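Q: Please take a close look at one part of this protein, namely its nonpolar interior, and explain how the surrounding elements and loops relate to that part.

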Amino acid sequence: MKIQDLNISADSKSALKSIGLTMVSELAGQNYITLINKFPKNYNIEPLIDELNALGYLLPPSDEISIYDVPMSKRLQNALIRNGVMYLSQLSSYSKEDILHFRNLGEKTILELEQICQEYNIEIRSMLSIKEYFSKYQFPSKIYPLLFRNNISCIDDFKHMTANDLYLICQKDYILTMQTYFILKENGLVLNDWQDKFIFEILLGKNAAYLWKKHNISMLSQIPDCNECTLKEIVSSSNSFTAAIKELLSFG
């Protein structure tokens, strides 16, 4: 059954499609927390959750403490809901800096939240130490929240990862993954092999970026699927690509 055939609003269908969910079967095993992690921060997912819950397609997470079950002021509750926090454990995925920027979270409300977190053993961490540690590597600034969310606090945390692991950490942002990959490589960290290869694992960054931007080619496995005309266009676009394509095809 397709999600488009469900009796839910057009907005909810569009939201699910935007994160790659098109079949009802893909909702199996999902709960509020796993689903909201697929959306951008501050996305109001509550209407979608209500609709899926009513149809029995989205179960609440087990062993989680709902903000509705914790005594707190209405102002704090509303601030958390607006930022997609429905269970206390979700607060650990936000940095202290992010939480301080929640709208309508005043000084008194912050103190109230800190007391609740202390009572329920919820740890709220700062991103400052991560930024200070990685500043010498000159990572793109937008990588820091992603490192924070994946508990990466030092260069050794990248060891035993593959380029695909890095791609998932970067939320499938190809250019950000490529930039981070080359920074790690320049600092002597070589990622493990996996069943496929990204083009930037084989070619120089400028050639890999060209293939992705011009021809939407990011993986080695895509090369055999390119038709002859496309390959000729790639080769003829620049003399430097002749050797690059030969190198790619030699991996096939």
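A: What follows starts with the whole chain, turns to the nonpolar cores, and then takes up individual loop residues.

The model is a predicted one, and its secondary structure comprises 13 helices and zero strands, so that cores and loops are described here against a helical background, following the definition of helices and strands as DSSP runs. Of the 252 residues in the protein, 43% are buried. Among contacts between residues at least 6 apart in sequence, 51% join residues at least 24 apart. On the outside, the protein exposes about 14,400 Å², of which carbon and sulfur atoms supply 49%.

The largest nonpolar core holds 40 residues, and Phe-134 and Phe-158 are those with the most contacts inside it. Two or more residues of this core are given by each of α7 (128–134), α8 (144–149), α9 (163–169), α10 (174–186) and α11 (205–215), and the largest share, six residues, comes from α10. Once residues up to four places away in sequence are set aside, Phe-158 touches Phe-134, Leu-147, Ile-152, Leu-166, Leu-184, Leu-189 and Leu-191. Apart from this core lies another, of 39 residues, which includes Leu-16, Leu-58, Leu-80 and Leu-105.

Leu-80, one of the residues named for that other core, also appears among the buried residues of α4, together with Leu-76, Gln-77, Ala-79 and Ile-81. The cover over the buried residues of α4 includes α3 and α6 (107–119). Just after α4, Gly-84 takes a positive phi of about 80°.

Leu-58, likewise named for the core of 39 residues, leads to a polar residue, since Gln-30 is in contact with Leu-35, Lys-38, Leu-58 and Leu-59 when its neighbours within four places in sequence are left aside, contact being heavy atoms within 4.5 Å. Gln-30 is placed in the loop between α1 (10–18) and α2 (32–36), and it counts as buried because its relative accessibility is 14%, which falls under the 20% limit. The side chain of Gln-30 makes a polar contact, at 2.7 Å, with the side chain of Thr-34.

Tyr-57 lies in the loop between α3 (46–55) and α4 (74–82). With a relative accessible area of 30%, Tyr-57 is partly exposed, because that value lies between the limits of 20% and 50%. Together with Met-1 and Leu-55, Tyr-57 makes a nonpolar surface patch of about 280 Å².

Two further loop residues deserve a careful look for their backbone angles. Most residues other than glycine have a negative phi. His-160, in the loop between α8 and α9, nevertheless has a positive phi near 70°, and Lys-172, in the loop between α9 and α10, has a positive phi of about 60° although it is not a glycine. His-160 is exposed because its relative accessible area of 70% is over the 50% limit, and Lys-172, at 55%, is exposed because its value is over that limit too. The loops that hold these residues adjoin helices named above as giving two or more residues to the largest core, namely α8, α9 and α10.

Key:
Residues are numbered from 1 along each chain as its sequence is written. Side-chain values use heavy atoms; hydrogens and water are left out. Helices (H or I, at least four residues) and strands (E, at least two) are DSSP runs, numbered from the N terminus. Buried means under 20% relative accessible area, exposed over 50%, partly exposed in between (1.4 Å probe, protein chains only). A polar contact is a pair of N or O atoms within 3.5 Å; within protein, one must be able to donate a hydrogen and the other to accept it, and residues adjacent in sequence count only if both atoms are side-chain atoms. Patches are made of residues with over 30% relative accessible area and no salt bridge: like charges are joined within 9 Å, nonpolar side chains (Val, Leu, Ile, Met, Phe, Trp, Tyr) within 5 Å. Accessible areas come from the Shrake-Rupley method with a 1.4 Å probe; for residues, only the protein chains shown count as cover. A salt bridge is a side-chain nitrogen of Lys or Arg within 4 Å of a carboxyl oxygen of Asp or Glu. A nonpolar core is a set of buried Ala, Val, Leu, Ile, Met, Phe, Trp, Tyr and Cys residues joined through side-chain atoms within 4.5 Å.
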